[in-house]
Amino acid sequence: MILPSALHSQGLPAPVVRLMDAAAATRIKTVNILASSSIGRMRNATTLSQPAWPSTTTETLALHPGSRSCCHSLLRYQRGPVSNSKKRLLFFVQCSTKPGIDSDNATSKNPAIGLDSNSTSQRPATSHPNQVLTSTCSRGLVFDLGSRNSWDSAEIGSPIIKRYIGDDEERWYMWYHGRPDGNNTCDSIGVAVSSNGIHWARGAAHARSSADVGLVMTCSRNWWAFDTESVRPSELVLMSSPMYSSVYWLYYTGFSSEEVDFSGLAKIPLQNPERVDRENHVSGKIFKSLPGLACSQDGRHWARIEGEHHSGALLDVGSRGEWDSLFIAAPQVVVHSSDDLRMYYHSFDVEKGQFGVGIARSRDGIRWVKLGKIMEGGSNGSFDELGVMNVCVVRHQKDGRYLMAYEGVGGDNGRSIGLAVSPDGLKNWKRLQEEPVLEPSEEDGWDNRAVGSPYLVQMEGNADEWRLYYRGIGQQGRMGIGMAVSQGTEITRLRRWAGFHL
């Protein structure tokens with residue numbers, strides 16, 4: 001919930017945005033969130049998931065740069081009628097300075113968000129640890145569907161995994177999408193926490209405070225927005241500065257009610273977003289998707305940042321005849337340097353009849369320039385014959401190369417996970433091997449239908465140990481999130497977690 005803004009009590013030349021925080025004591029956290037002289041607009045707070053907020057405490061998020069920068073505010077009012085008691089004003093600041101950006105996409109030491117030694121985020125009162133099975137048929141499964149009537153009881157996927165190391169502990173966070181049972185329900189985004197990345201605490205409803213877990217972001221209520229039907233997380237970047245606290249930037253895929261025209265492509269097994277039911281592997285209408293951005297101080301309460309597209313999206317689809325003219329999905333962002341961010345996304349190339357991966361670059365994380373396609377489908381008969389999608393790109397801590405884990409689509413619509421490598425992350429992407437590094441499990445496995453949406457985590461202290469989190473689909477279309485671990489120094493040698501100590 002965002003309340004009327006006011007100037008900083010010390011007279012600093014910047015407006016203040018106040019975010020309601022039911023768990024934290026009243027305090028001011030100053031962050032340097034902006035990264036260029038031209039910034040996107042912050043959309044109104046009604047687009048956030050809104051639980052029943054207590055009215056006793058507030059947490060203030062001050063958005064301003066250093067005293068030497070030249071800033072001015074951009075005022076945006078809530079659209080539509082509101083009562084006087086709930087009138088909201090949003091102020092945002094445009095700055096000429098750039099913040100520091102955490103270039104480590106997997107592990108951060110002592111981040112300013114959520115790692116307070118007094119925090120109770122590992123012991124959420126409304127959450128229960130996810131029960132992990134260790135039988136042969138459930139090998140690799142670390143996160144199952146939510147309980148009955150929960151917000152994620154019918155479907156889960158799109159895992160984003162972050163590991164933060166404190167002075168005397170480590171904490172893991174997972175943002176993922178979920179959907180409840182019932183018709184006409186949209187995908188929403190939630191967060192779960194863990195002390196080891198294996199056993200997770202989750203919430204069945206809205207996360208009500210900065211220490212809670214559960215549902216944290218739902219579809220937009222604005223009819224003109226690009227994300228009115230579903231939202232799915234794609235990547236989370238921690239923006240930080242030596243002088244200020246840190247802010248989460250969430251890049252996500254938003255789906256609107258606009259259907260994509262696939263006339264003439266009936267033989268191509270396209271799904272966007274994928275829908276799972278009890279009869280078919282995947283089903284559902286094909287909706288247009290575009291990339292979006294939201295920011296948060298605690299990873300639970302999010303405010304959307306409008307991009308330059310009229311719908312609020314960061315990028316538009318390509319022109320007719322271009323490879324990405326149908327949709328843009330899964331915008332995974334990697335920080336190469338403080339003023340060089342790369343976005344990897346997938347679309348469907350109608351001319352070639354394949355999913356492909358493209359790249360865009362940005363200096364500020366908000367305005368993006370497309371550079372073109374960098375990966376496409378493999379040879380005839382290969383596991384990725386119909387293309388690559390849902391990629392995760394990370395920079396190897398040891399040799400500086402860029403690794404890409406991707407979901408390969410086979411000619412029979414089968415889904416497996418492959419790996420590719422590039423010296424600079426921009427071009428010259430080459431597959432590490434022609435075979436997948438992770439395939440669907442045996443006949444009785446929980447993920448025996450498909451594996452995809454990979455997310456790589458390189459473990460701190462051992463540059464040769466990796467974890468691969470992924471979405472699995474099993475019998476009757478049941479979804480879960482699994483984990484595989486690298487063997488020795490070869491990332492191509494992965495085995496599903498089986499309940500032993502890592």
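Biologist: Is C186 buried, partly exposed or exposed?

Modeller: This is a predicted model, in which local features need pLDDT of at least 70, side-chain atom pairs count only at pLDDT 80 or more, and totals for chains, interfaces and linings use all residues. Residues are numbered from 1 along each chain as its sequence is written, and side-chain values use heavy atoms, with hydrogens and water left out. Buried means under 20% relative accessible area, exposed over 50% and partly exposed in between, with a 1.4 Å probe and protein chains only. Because its relative accessibility is 23%, C186 counts as partly exposed.

Biologist: How many disulfides does the structure hold?

Modeller: A disulfide is a pair of cysteine sulfur atoms within 2.5 Å. By that criterion, the number of disulfides in the structure is zero.

Biologist: Which strand holds G472?

Modeller: Strands (E, at least two residues) are DSSP runs, numbered from the N terminus. The run covering residues 466-473 includes G472, and this is strand β29.

Biologist: Is G472 buried or exposed?

Modeller: Among the residues that G472 touches (heavy atoms within 4.5 Å), not counting those up to four places away in sequence, are W446, D447 and R478. Since its relative accessibility is 0%, G472 counts as buried.

Biologist: Which strands stand at the edges of the sheet β24-β25-β26-β27?

Modeller: Two strands pair if DSSP finds at least two bridges between them, and here four strands form an open sheet in the order β24-β25-β26-β27 with antiparallel pairing. One side of each edge strand is left without a neighbour in the sheet because each has a single partner strand, and these edge strands are β24 (388-395) and β27 (430-431).
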